[in-house]
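The exercises below are worked from a sequence and its structure. Try each task before reading its solution.

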Amino acid sequence: MEEEDGGGSRLELAGTCQQICVVGSLALDPLVMSAVQALGLPVSLSATGSELIDLVENTIFIVDDMEGPLFEAPHNPRFRVLGRTALLELTDRGENLPSTTRPLFSTSMSGLVVCFTGFRKKDHLMKLVKLVQSMGGSIRKEMSVSVTHLIAQGCGGKKYHYATTFRVPVMSEDWVFAAWQRRKEVGFGAAASDFTANFKLKPFQGAKVCFVGFPEEEKKHMEEVLVENGGTVADMSDCSHVVVDNVQAQASTFGLMSSHIVKPEWFWISVQNEGAADETEYKFEGCLEGVMSPATSRDSLGTPTSSRLRKRKRIRDGVSRQIPDSPSIHKRRSSISDAGLLSLSSSFLDCSTVSEKLSTDEVEAATLKSLSNLSPRQQVFHELVQTETNYVGILRTIMTLIKKPLEEFSEGEGPLLDNTELKTIFGHLPPIYDLHAAMLQELIRANANWTETTSIGSIILRHSRDMVKAYPPFVNFFEQTKEMLHKCDETKPRFHAFLKVCQSKPECGRQTLGELLIRPVQRLPSISLLLGDILKHTRKDNPDHAALDEALHAVREVMTHINEDKRRMEACMDMFSIFNDIENCPPHLVSSHRAFVTRCDVIELSNELSGRGDALVFFLFSDILEICKKRSKGTSLKSPNTATLRSCKHFKHVRLIPLSDIKRVFDVEREGNNEENIFALKCRSNQELKEKLYSFSLSDEDIDKNNFLQTLCRQLANTVCKADAAYFLSPIDYNELDISANDAAFGTLSKAFKLASRTKMKIGRTFSFNSKTPSKLKRAVSSMMSPFGSTTNLTPASQLAQMRLASCTNLNELASSPSEPEALKPPMSVQPRRKRPV
């Protein structure tokens with residue numbers, strides 16, 4: 001392949017150009033002729049241009065397409081070929097004509113330097129090279145800093161990995177063909193981001209991948225991701241890559257294979273980066289040592305080891321992981337090797353498979369102490385330090401291994417998450433991490449300088465106020481955090497791959513981000529339990545006893561504050577949800593001092609609010625009662641002229657009653673027995689002088705009437721500052737209310753009759769016409785549904801009268817008309833008239 005120099009595609013005029021020849025139908029193109037005349041050179045016209053090839057040197061042929069005799073010798077120095085698109089683009093930009101002898105049809109790839117890899121057929125490759133050069137691009141044999149795009153047939157190879165490392169776009173050959181299809185568009189650029197995005201080479205294009213050792217569900221998911229990214233699922237006997245689970249697979253399974261045997265990180269990092277990663281960095285052999293247990297190595301596999309030696313090795317490994325400059329920190333380990341880092345409490349709440357790195361040498365001495373020589377108080381405190389160490393390690397992993405890289409991606413060209421999503425997931429975590437990192441340092445110093453009088457409670461008390469500030473925002477919005485995390489994981493493939501890469505790292509211990517984020521929710525109850533155990537083993541004459549008691553009380557107050565704050569937040573969210581679900585709801589329903597209490601479905605027995613028998617819903621708040629009507633779930637029978645889109649809201653506002661306007665709550669009784677599900681409210685506002693009585697029947701079988709009425713009375717008492725809530729609840733005899741037995745029996749049957757009546761009216765309106773209805777439609781419907789039988793024996797005037805009557809009569813009126821219709825008379829306008837005698 002011939003290699004061009006750096007300026008091979010620069011459009012400059014070298015030598016003397018004697019004339020310009022316009023070929024074919026371009027002579028009729030005013031834009032072309034105007035651009036040619038502006039060059040100030042002699043212009044000739046030709047049907048094909050073949051007759052001028054050998055007659056005149058330094059001729060520029062302007063063609064409409066790249067075909068014909070001019071392209072049989074494209075490197076003939078006697079002439080140059082320029083396409084219509086290139087001519088118009090050059091003249092628009094004020095640039096000179098090209099000096100290259102290669103045909104130039106457009107400048108859509110002008111300035112682009114392209115390299116090819118993976119093409120086996122030379123003819124196909126030369127075709128692509130010719131197209132690139134015809135669009136103004138340059139070609140390089142090898143990758144260099146000047147190469148702007150790599151065109152590959154599949155993933156892999158030195159050129160490919162060079163491009164992925166230095167972020168050079170890797171394109172498929174379809175990019176060249178698609179750009180050539182748009183060669184006649186003036187001003188089109190093949191390097192436009194919206195155009196190149198459709199032709200980037202998929203990460204696993206041409207790869208045949210086999211997955212080994214994964215659970216069936218995970219394997220199926222990875223195979224789906226593979227196919228979406230251009231790869232093919234293959235057997236181990238016919239594959240280019242074998243992706244092996246670090247834990248489940250055994251090294252002896254593979255033997256000597258020519259395929260790339262890689263870890264899962266290779267697969268997910270390729271999806272994340274949108275390009276296949278270098279297999280040498282993720283070889284499966286590099287993690288064989290991590291698959292083995294902590295007490296063995298590859299050289300000693302199968303050799304029996306005493307329990308004392310295993311215990312000493314676990315202690316040494318634990319100490320080395322806690323020294324900041326220890327080389328073992330950077331050593332790759334499997335998640336199985338982290339099993340020895342479980343806390344002494346044997347509790348899943350505080351267990352961690354995360355590698356902890358402490359910043360003091362005192363922990364080494366504390367770790368080497370025999371726990372049997374410690375007092376019960378010191379043993380529990382040691383457990384507190386250990387669990388706090390694990391917890392801070394988890395927070396550090398989230399902050400450094402997950403949050404920080406995501407923020408760095410957001411500042412680059414291809415962010416995985418936007419700033420809003422980052423803030424929603426991680427925004428409330430930094431204050432908690434700073435709080436516990438500072439508290440851990442104090443606990444470490446206390447553990448290193450331990451005495452029985454060491455004040456543990458004072459350490460907790462110093463940080464209790466920060467707990468009140470740091471934890472409520474995280475706990476209150478934890479559900480929103482989980483929803484946002486799940487949404488991004490489902491809709492963003494690169495973010496999903498990033499989480500899979502993080503999960504496979506030893507620092508995460510094969511735990512998902514959701515499992516790590518739940519630890520702050522669980523930490524305060526764990527601290528409370530451990531402080532209670534320390535207090536049990538602390539003598540009352542110990543100076544730390546009072547401080548521990550106060551610290552335990554402070555932690556429980558923090559948890560109570562968090563729970564109350566969470567309840568208030570949930571009540572506010574419920575209030576907003578109710579407001580958005582009610583049509584025409586008053587805006588002042590939403591208030592910061594108001595909280596949602598309960599909901600109750602009722603049927604109105606009076607006729608004061610919506611209508612007797614209507615299904616209503618009570619939304620009881622701390623100081624107000626919202627009454628709304630349920631929307632019907634049935635389809636509308638309105639005529640096309642009046643049909644409108646039904647609102648998506650489920651309720652319609654009826655009345656907003658302040659609880660201060662409810663003067664009494666009546667529990668309806670009949671002859672001394674409690675009348676089931678019937679109650680009444682006596683209301684009077686400051687603007688109304690007359691009291692109103694509203695009666696209702698509970699329609700929700702899951703709601704107990706006594707509990708609901710007691711709850712309502714309690715809110716009434718709180719509103720008017722009365723201590724006795726029973727003051728508002730009074731029994732009333734059934735006969736004292738203006739309710740008949742039929743009213744009390746309002747239920748499914750009554751609602752059915754009411755619905756049938758309304759449906760009858762809607763059907764009548766549907767088939768009735770007004771002045772706007774087309775006359776042809778009136779006559780067509782009238783002829784099909786005329787209630788007067790046959791019209792064959794009627795005169796034209798009678799038929800017209802029947803049509804008019806049928807089209808203008810409502811069906812409801814027809815239903816009430818007598819069975820024998822009266823004799824019809826045609827209207828006066830169509831009755832025959834006798835001629836007056838002259």
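**Exercise 1. A helix and its surroundings**

How many of the ten residues of helix H8 (residues 264-273) are buried? Name them, then find the elements they pack against.

Solution. The model is a predicted one.

Step 1. Nine of the ten residues of H8 are buried, and the helix is mostly covered. Buried here means under 20% relative accessible area.

Step 2. The buried residues are Pro-264, Glu-265, Trp-266, Phe-267, Trp-268, Ile-269, Ser-270, Val-271 and Gln-272.

Step 3. These buried residues pack against three strands and three helices: strand S9 (208-212), strand S11 (241-244), strand S12 (260-262), helix H7 (216-228), helix H12 (376-411) and helix H17 (493-504).

Step 4. Glu-274, just after H8, has a positive phi of about 60°.

**Exercise 2. The sheet beside that helix**

In what order do the strands of the open sheet containing S9 and S11 lie, and which strands stand at its edges?

Solution.

Step 1. The sheet is open, has four strands in the order S10-S9-S11-S12, and is paired in parallel.

Step 2. Strand S10 (232-233) and S12 are at the edges; each has a single partner strand, so one side of each lacks a neighbour in the sheet.

Step 3. Four bridges link S9 and S11 in the parallel sense. Across this pair, Val-212 is opposite Val-244 in S11.

Step 4. Place the helices. H7 lies across S9, S10 and S11 and runs at about 170° to S9. H8 lies across S9, S11 and S12, at about 110° to S11.

**Exercise 3. Another open sheet**

Which strands are at the edges of the sheet that has the order S6-S5-S7-S8?

Solution.

Step 1. This open sheet of four strands is also paired in parallel.

Step 2. Strand S6 (138-140) and strand S8 (170-171) are the edge strands, each pairing on one side only.

Step 3. Strand S5 (residues 113-117) runs parallel to S6, with three bridges between them. Cys-115 faces Arg-140 in S6.

Step 4. Helix H3 (residues 122-134) lies across S5 and S6, and its direction is at about 170° to S5.

**Exercise 4. Two helix pairs**

Are H12 and helix H13 (residues 419-426) roughly parallel or roughly antiparallel? Do the same for helix H14 (residues 430-448) and helix H15 (residues 457-476).

Solution.

Step 1. Two packed helices are described by the angle between their axes and the distance between the axes.

Step 2. The axes of H12 and H13 come within 10 Å and cross at roughly 165°. H12 is therefore roughly antiparallel to H13, as angles over 145 degrees count as such. Their crossing is left-handed.

Step 3. On the H12 side, the residues in contact are Ile-398, Ile-402, Lys-403, Leu-406, Glu-407 and Ser-410; on the H13 side they are Asn-419, Leu-422 and Phe-426. By class, this contact has five nonpolar, two polar and two charged residues.

Step 4. The axes of H14 and H15 come within 9 Å, crossing at roughly 160°. This makes H14 roughly antiparallel to H15. H14 passes H15 in a left-handed crossing.

Step 5. Residues of H14 in the contact include Leu-435, Met-439 and Leu-443, and those of H15 include His-463, Met-467 and Phe-474. The contact of H14 with H15 divides into 13 nonpolar, two polar and three charged residues.

**Exercise 5. Strands paired antiparallel**

Which strand forms a hairpin with strand S15 (residues 615-621), and how many residues lie between the two? Trace the pairing outward from there.

Solution.

Step 1. S15 forms the hairpin with S16, with two residues between them.

Step 2. S15 and strand S16 (residues 624-630) are antiparallel, paired over five bridges. Phe-619 is opposite Glu-626 in S16.

Step 3. S15 also pairs with S14, antiparallel, through seven bridges. Phe-596 is opposite Phe-621 in S15.

Step 4. Strand S14 (residues 596-604) pairs with S20 as well, in the antiparallel sense over three bridges. Val-602 is opposite Leu-698 in S20.

Step 5. Check burial. Six of the seven residues of S15 are buried, so S15 is largely enclosed by the rest of the structure. In strand S20 (residues 692-698), five of the seven residues are buried, so S20 is likewise largely enclosed.

How values were computed: Residues are numbered from 1 along each chain as its sequence is written. This is a predicted model: local features need pLDDT of at least 70, side-chain atom pairs count only at pLDDT 80 or more; totals for chains, interfaces and linings use all residues. Side-chain values use heavy atoms; hydrogens and water are left out. Two strands pair if DSSP finds at least two bridges between them. Contact means heavy atoms within 4.5 Å. Axes are lines fitted to C-alpha atoms, for helices over the stretch in contact, and angles run from 0 to 180 degrees between N-to-C directions. Buried means under 20% relative accessible area, exposed over 50%, partly exposed in between (1.4 Å probe, protein chains only). Angles under 35 degrees count as roughly parallel, over 145 as roughly antiparallel, 65 to 115 as roughly perpendicular and the rest as oblique. A crossing is left-handed if the near helix is turned anticlockwise from the far one by less than a right angle, and right-handed if clockwise. Ala, Val, Leu, Ile, Met, Phe, Trp, Tyr, Cys and Pro count as nonpolar, Asp, Glu, Lys and Arg as charged, and the others, Gly among them, as polar.
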